[in-house]
Amino acid sequence: MTEIVVSEIFGPTIQGEGALIGLPTVFVRTGGCDFICAWCDTLYAVDKKFKHHWKRMDATAILQKVDELSGNKPLCITLSGGNPAIQPLGGMIELGRARGYTFALETQGSVSKDWFVHLDALTLSPKPPSSLMSFSPEKLNACIEAAGSDTKITLKIVISDEIDLDWAIARHQSYPDIAMVLQPCNTMVGDNVIDLERLAEQMRWLVDEVNRRQLYKVRVLPQLHVQLWGNQRGV
Ligand code: SF4
C-alpha cells in the first residue's frame, strides 16, 4: 500500500486556529515541506535533519492509530504538516470517509491534488512576504479549483507587519467570496515561555488595522493552542 511520511499523530485536542477553531480533532502531521518559512513553527516536520523522527505509514496504520486515540468514534481528522499536499493522502481520505471521519487539510497552496475534492475543509495559507518565500497565484488558483464547490475553503494568512497585511488584503481582493482569517504571526517559535502580553498586543494591532481599513468580511483570530499551551508539541 502507498506509504505516507508522518511526523506525528496526536489528539483528540481542539483545532487551535482558522475556520474550525475550537473543534475537537485528531492531528495527522505529515513530514516534509516544499517551503522553509522564516518563522516556521513546525520545523521538526519540515527540516530534513529531523527526518529520523518521521515514520512511513500506510493508510490503514494511520487510521488504526487515529481509532485508538478517538476511541473508535469518528471525528474530524486534521491533516497538517509540513505540507500534507505533497503526500499521497487520497486513499486514506477515502478509507476514513467510508468509516465516518471528516477531513480538514492545511497547506500553503503551493501543490494541488485531485483528492482535495474529497476534503470537508481546506485551509489555504499562502505565505506573506515576511516568510521570505515566493508566492504563485497560479498554484493557489489550482488548489482552489481542485477543491471544487463542496469543500469549505478558507484563506488563512499570518501577519507580522503592515507589509504582510497589505499583501493579505490583495489576496482577499482576488477572492472576495472565500472566507479569510488573519492571524498574528507567532514570532516566539523557539521560545519555551510565550509572552502572552506581546501576543495580545499583536492581536490588538491587527484588530485595529482591520477595522481602520474597513475589512468587515475578514475575521481576526488568535492561535488558541498557543494561548493555552505555548509552543508545546502534541496538544
Ligand atoms: S509552509 Fe508551513 S510547514 Fe512549511 S515551512 Fe512554511 S510554515 Fe513551515
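This report walks through the sheet, the helix packing, the ligand shell and a few unusual backbone spots of the structure above. Please keep in mind that the model is predicted.

**The sheet**

A good place to start is the open sheet, which has nine strands in the order S3-S1-S2-S4-S5-S6-S7-S8-S9 and mixed pairing. Its edges are strand S3 (55-58) and strand S9 (218-220); each has a single partner strand, so one side of each is left without a neighbour in the sheet. From one strand to the next, the twist averages 30 degrees.

Three of the strand pairs can be followed in the table, each with an example of residues that stand opposite one another.

| Strand pair | Sense | Bridges | Example pair |
|---|---|---|---|
| S1 and S3 | antiparallel | four | Glu3 and Asp58 |
| S1 and S2 | antiparallel | six | Ile9 and Val28 |
| S8 and S9 | parallel | three | Met180 and Val218 |

To find these in the sequence, look for S2 at residues 24-30 and S8 at residues 179-184. Strand S1 covers residues 3-14.

**Helices on and around the sheet**

At the S9 end of the strand order, helix H4 (residues 162-174) lies across strand S7 (152-159), S8 and S9. Its direction makes an angle of about 165 degrees with S7.

Another packing to look at is that of two helices. Such a pair is described by the angle between the axes and the distance between them. For helix H1 (residues 59-70) and helix H2 (residues 90-98), the angle is about 45 degrees and the axes are 9 Å apart. H1 and H2 are therefore oblique to each other, and their crossing is right-handed. On the H1 side, Ala59, Ile62 and Leu63 make the contact, while H2 contributes Gly91, Met92, Leu95 and Gly96. Sorted by class, the contact of H1 with H2 has five nonpolar and two polar residues, with no charged ones.

**Around the ligand**

Which residues surround the ligand? The shell holds Cys33, Phe35, Ile36, Cys37, Cys40, Thr42, Val46, Gly81, Gly82, Asn83, Gln108 and Lys127. By class, six of the shell residues are nonpolar, five are polar and one is charged.

**Backbone spots worth a look**

Most peptide bonds are trans, and most residues other than glycine have a negative phi. Here are some places to check in the model against that background.

Gly81 and Gly82, which are both in the ligand shell, are joined by a cis peptide bond with omega of about 10 degrees. Gly82 belongs to the loop between strand S4 (76-80) and H2. This brings together two topics from above, as H2 is also the helix that packs with H1.

A cis peptide bond is also found from Gly11 to Pro12, where omega is near -5 degrees. Pro12 sits in strand S1, the strand that pairs with S3 and with S2.

Where does Asn72 lie? Asn72 is placed in the loop between H1 and S4. Although it is not a glycine, Asn72 has a positive phi of about 65 degrees.

Conventions: Residues numbered from 1 in each chain as written. Predicted model: local features only at pLDDT ≥ 70, side-chain atom pairs only at ≥ 80, totals over all residues. Pairing = 2+ DSSP bridges. Axes fitted to C-alpha atoms, helices over the stretch in contact; angles between N-to-C directions. Contact = placed C-beta atoms within 7 Å. Near = placed C-beta within 6 Å. Nonpolar A, V, L, I, M, F, W, Y, C, P; charged D, E, K, R; others polar. Parallel < 35°, antiparallel > 145°, perpendicular 65-115°, else oblique. Left-handed = near helix turned anticlockwise from the far one by under 90°.
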